Structures are given as C-alpha cells and as structure tokens.
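Please open the model in a viewer and keep the selection tool at hand. The stops below go from one selection to the next.

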Amino acid sequence: MNLNATLLGELIAFVVFVLFCMKYVWPPLNGAIEARQKKIEDGLAASDEAEKELERVRKEAAVELNEAKSQAAEIIEQAKKRAALIVDEETTRGQQEREKIIAQGHSEIDSERNRVKEELRTQVATLAVVGAEKILEREINQDAHSDIVDKLVAEL
Amino acid sequence: MAAEEVTLSSHIQHHLTNAKMCSTDAGLAFNKACADSGFWTWHVDTLAWSIGLGLLFLWIFRSAAKKSTTGVPGKFQCFIEMIVEFVGDNVRDTYHGKSALIAPLALTIFVWVFLMNLMDLIPVDFLPAFAGFVGETAFGMDSHDVYMKIVPTTDINMTAALALGVFFLMIGYSIKMKGIGGFIAELTLHPFSTKNKIGMIFLIPFNLLLETIALVAKPFSLALRLFGNLYAGELIFILIGAVGLMQLPLHFIWAAFHILVIVLQAFVFMMLTIVYLSMASSDNH
C-alpha cells in the first residue's frame, strides 16, 4: 500500500467539507423542504376544510332557495288574489259611478226639459196673447180676457 | 509521449502513478525525486482533484441552499432537493435518533464520492495527456515525467481518509452514547458472556480480540471496497484505452456499466457509514 501524508490532507478536507455542509448546506435545504411539506400539508387541510364548508353552504343555499321559492309563490298567490279583489272592487265602483252619472244625466235632462217646457209655455202664452191681440185687436179687452188666455196657456 | 520507447506496461504504470510532492533538503521536490521520501509525500493530483470536486459539491449545494424557497422550487432546486431528500430518507430509515451530523455527513460522502467516481468516465488519456502537454510546453518537462491521476478514489489515501473519518466518528458516537465504560464493556464482554465473574475475566481477551477485529474491519472494508472497485474499473479503462480502434465499442460498454458502479459505490459508502454510526450509537449488541 501507498499510504502517505495525502491521507492527512484528505482527512482534513473531509472534516472541513462535512462541517461546512452541516452548517451552511444541509439546514437551509432540509429546512426549506420541511417548511414546504408543512405548507402543503396545511394547504391540503385547508382545502379539505373549504370543501366541507362549501358543501355545507351549498346545502344551506339550497334550503334557502326552496324557502324563497315557496315564499315567492305565496306572495304571487296573494298578489293574484288581491288583484282579483281590486278588479272586482273597481268593477263595482265603476258600475256604481256609471249608474250615478247616468242618473245625474237623467235628472239634468229632466230639469232642462222642464225648464225648456216652462220657457216654451211662457213664450207660447206670450205668442198666443200677441196672436190673439192681433186677431181680436179691439174686441178683446186685455184686462177682461186675460184670465181666459191664462187658462189657455195653462192647457198648452 | 516521450521519445523513448513506451511499452504497454510502462504506459499503464504511468497512468497508475500519482503526481507526488515532497519537501527535501533542496526544497520542494516532485515525482521521482520523492521515491524515498516515505510518509511525508503528498499526492498533488489526488488532493487537487478531490478538494476541487469537494468545493464544487459545496458550491452547487450552497448556491441551491441560498436560493431555496419554501414556495414553488425551480428545476435546479428540485434536483438538489431530490438528492437531499434521498439522503435524508435513507438516514431517517437507518439511523433512529437525533443527530445534526449524520445527514450532512451522509450527503457529503454521497455526493463527493459520486463526483470523484464520476471522473472515471472521462476518457483515461484526455487529462493526463493535457497535463503532459502543459508540462512539456510550459515547464519544459518530459511529458512522460508528468503524472496525473484524475480519479481521487483510485488512490487508497483518499478512501482511507474517508474511512478513517467515519471510524473516528464511530468511536466518538460509541463513547458519547454509552460512555467510555459502556464502550469498553462492549469491546470486552461480548460476544462470549457468562454470569461467573472469574469466567468473565477469563473471556475478556477473546472478546477483546474478536470485537477489535470486528471494529477495525469496518473502516478497512469501507476504504478497500471503494478503492478496489474504482481502481479495478480504472485499470480496465486503461487497458481498453491501449487496444487501438477496438477501444471505442469496448469503452462504451465498460463506461455504461461503470455508471452503475459509480453511483452504487457512492451509495454503498454512504449507507454503510450510516449503518455503522447507527450501530455505534445503539446499545443492543
């Protein structure tokens, strides 16, 4: 064998390399690996948690949605009923209004007719008196015959 | 290559020789001048390549560490984290206990040894020939006197240094976890044990012998396994490189096969380190 001082040199180099590796190489590398493993582990756990949460929320949402749907149906039903009610009411009210307006119209027409009748009556009386005056000129004493003319007018 | 005749065996010899450096009375000396300098010889190529690759490893991983985010990682960070997680998983599976050292140690061993082994896939003549060319042109040396072995793990010094480091850690962990008494007891009171006090003392030498062999065999097996595998692989690459045009398909086949060896040996070294340290720090013998 050919052992010589090289052995010592290599031994020293070996020790130095191992010490350097122990101090500056292994801890950061291994630390980074372990930290990443921890991070991944935490991330996976968090994602599991989130998945469960999602499932829960989804169920909750479904329940809420159903509730909302039934509520909406209820509201629509109510609204329909109310609409029908309003339509009925309005119809009745309209009918009444119409009848009222018609009645009012009738009475107005009546009163107008009466007024016109009265006016016509006076005018005819006047015309009759004027006509009678023209025809009878002198024979008829206005004062003496006015009661007859009045009677005639009343009969018109 | 040098002008003098180059035989196959001298070519192989050249490839298997490290660049040496030693200090003599006349100052720094290199290669053949260091033939009898004994222990205080430095394999410059092994040192340079291994430390360079080690720095490359630290630089790559350090830059990944600096940019690491806990958010979405980039491709580079993913790649680095893949290696870190691979090593981390192996450590967690094998070493039951808390230790800030084992995982970075395993990572360093795995990547460093892998990078050093990877040098084996660079065609054997490229870098030595380049070094020879530089030596010849820049320093006026005979290119045959320039040695360059680029795979540090084919140098027993390299693998032995790694194994020795692990061995010290094994002893350190044993003492730290079980106390000196526990460590000595482990060495002396197993595998043969008896309730009889005198019998126990009588058995101590045998236990000590067996346990010491078992303990020392671990770093030896670590060092020699890596060295043997890579040295043999390198030798075959060198032989393939010497057979002319036929080397192209042969080299491809051996290199493809060697990719497995490279990763496997790095992994085995790392795994055994973790196992040995795990055994050292656990009590159940």
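This tour of a predicted model starts with a segment of one chain and then turns to an interface.

**Stop 1: a segment of chain A.** Select residues 6-26 of chain A, which an unreviewed UniProt entry lists as "transmembrane region". Colour the selection by secondary structure: residues 6-26 of chain A are 100% helix and 0% strand. A distance drawn between the end C-alpha atoms of this segment reads 27 Å.

**Stop 2: the two sides of the interface.** Now select the residues of each chain that contact the other; 50 residues of chain B are in contact with 30 residues of chain A. The area buried between chain B and chain A comes to about 3,500 Å². Carbon and sulfur atoms give 77% of that area.

**Stop 3: polar and charged pairs.** How many salt bridges are found across the interface of chain B and chain A? There is one. To see the pair, show the side chains of Glu81(B) and Arg36(A), with an N to O distance of 2.8 Å. Polar contacts across the interface of chain B and chain A number twelve residue pairs, with both residues at pLDDT 80 or more.

**Stop 4: the side of chain B that touches chain A.** Select these elements of chain B in turn: strand E3 (41-43), helix H2 (44-67), helix H3 (75-94), helix H4 (102-118) and helix H6 (156-188). Each supplies at least two residues of the side that touches chain A. H2(B) gives the most, with twelve residues. Finally, colour this side of chain B by residue class: 31 residues are nonpolar, 15 are polar and four are charged.

Note on methods
Residues are numbered from 1 along each chain as its sequence is written. Chains are lettered from A and ligands numbered from 1 in the order in which they are written. This is a predicted model: local features need pLDDT of at least 70, side-chain atom pairs count only at pLDDT 80 or more; totals for chains, interfaces and linings use all residues. Side-chain values use heavy atoms; hydrogens and water are left out. UniProt positions are given in the numbering used here, feature names are shortened, and annotations may be inferred rather than shown by experiment. Helices (H or I, at least four residues) and strands (E, at least two) are DSSP runs, numbered from the N terminus. Contact means heavy atoms within 4.5 Å. Buried area is the accessible area (1.4 Å probe) that two parts lose on being put together, summed over both. A salt bridge is a side-chain nitrogen of Lys or Arg within 4 Å of a carboxyl oxygen of Asp or Glu. A polar contact is a pair of N or O atoms within 3.5 Å; within protein, one must be able to donate a hydrogen and the other to accept it, and residues adjacent in sequence count only if both atoms are side-chain atoms. Ala, Val, Leu, Ile, Met, Phe, Trp, Tyr, Cys and Pro count as nonpolar, Asp, Glu, Lys and Arg as charged, and the others, Gly among them, as polar.
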